Amino acid sequence: SADLSTLMRILAGFDEPDSGRVSRHPATQLEMLQQQTEFAPERTLSEEARSGLGSLYGLQQELLELTEDMARESDDPALQKLQRRYDSIQHELERHDAYNIDHRVDEVLLGLGFTPEQYEQPMCTLSGGQQNRALLARLLLAGPNLLLLDEPTNHLDIATTEWMEQYLARSPEAMIVVSHDRYFLDRVTNRILELSRRAVTDYAGNFSAYWLGLCMVALM
């Protein structure tokens, strides 16, 4: 629905509310899957997907540069400072399983229905549905701690929808999902937020539990 899509864009910071304010925790890393595709047309499918891992690639490059700096450094205090930064980056890369990046890219692209032969295909030559799936791949690989998913099953067939359900169900990130697909909601959600009459009601459980609860109330 248009109202919920607007609310998601406000939460993501793309739009401003007419009144009130949005407060986000400083540690929130937020990414949103939008209905309208935005991408660099000259990028290949692989490049677009891997752009979600840009921060990890940047840390890998910094680690290489630190290795070179440490080999040249003779001042002990300066060397210790470089070593502390090196250890910090290495810990961060291990925490994000950055040494298996290629495997993660393959897992997501293949899971979303692409073939290895399409990896080097320019984004501008892909169909609209494929472009949307490529942007979804980029988002999933970015791994923010809060995902905003607006109708994520659009442009997905049954097989790719089932794969994404399994992927999201085991993902540690928090998600806010807007979807008309009640079966998808059943498999990936554990809370339902109902917006009605300018109020939000929080229900524990998936969509079926929420719907059953409403039916029981209606019968009472």
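Helices and strands here are DSSP runs, numbered from the N terminus. One more thing before you start: the model is predicted.

**Exercise 1.** Work out how β2 and β3 pair, and which way the chain crosses between them.

*Solution.* Start with the strands: β2 covers residues 146-150 and β3 covers residues 174-178. They run in the parallel sense, with 5 bridges between them. Now follow the chain from β2: it passes through helix α7, residues 158-169, on its way to β3, and this β-α-β crossover is right-handed. For a handy register mark, look at Asp 150, which stands opposite Val 178 in β3.

**Exercise 2.** Take Glu 151 and His 155, and decide for each whether the residue is buried, partly exposed or exposed.

*Solution.* First, place them. Glu 151 sits in the loop between β2 and α7, and His 155 belongs to the loop between β2 and α7 too. Next, check the backbone: Glu 151 has a positive phi of about 50° without being a glycine, and His 155, not a glycine either, has a positive phi of about 70°. Then bring in the cut-off: buried means under 20% relative accessible area, and exposed means over 50%. Glu 151 comes in at 11%, so it counts as buried. His 155 has 45%, so it counts as partly exposed.

**Exercise 3.** Describe the surroundings of Tyr 99.

*Solution.* Tyr 99 lies in the loop between α4 (76-95) and α5 (101-111). Its relative accessibility is 47%, so call it partly exposed. Skip the neighbours within four places in sequence, and Tyr 99 contacts Leu 63, Gln 90, Leu 93 and Glu 94. Finally, try a C-alpha distance: Tyr 99 and Leu 56 are 43 residues apart along the chain, with 9.6 Å between their C-alpha atoms.

Terms used
Residues are numbered from 1 along each chain as its sequence is written. This is a predicted model: local features need pLDDT of at least 70, side-chain atom pairs count only at pLDDT 80 or more; totals for chains, interfaces and linings use all residues. Side-chain values use heavy atoms; hydrogens and water are left out. Two strands pair if DSSP finds at least two bridges between them. Helices (H or I, at least four residues) and strands (E, at least two) are DSSP runs, numbered from the N terminus. A crossover is right-handed if, with the strands pointing away from the viewer, the path from the first strand over the helix to the second runs clockwise. Buried means under 20% relative accessible area, exposed over 50%, partly exposed in between (1.4 Å probe, protein chains only). Contact means heavy atoms within 4.5 Å.
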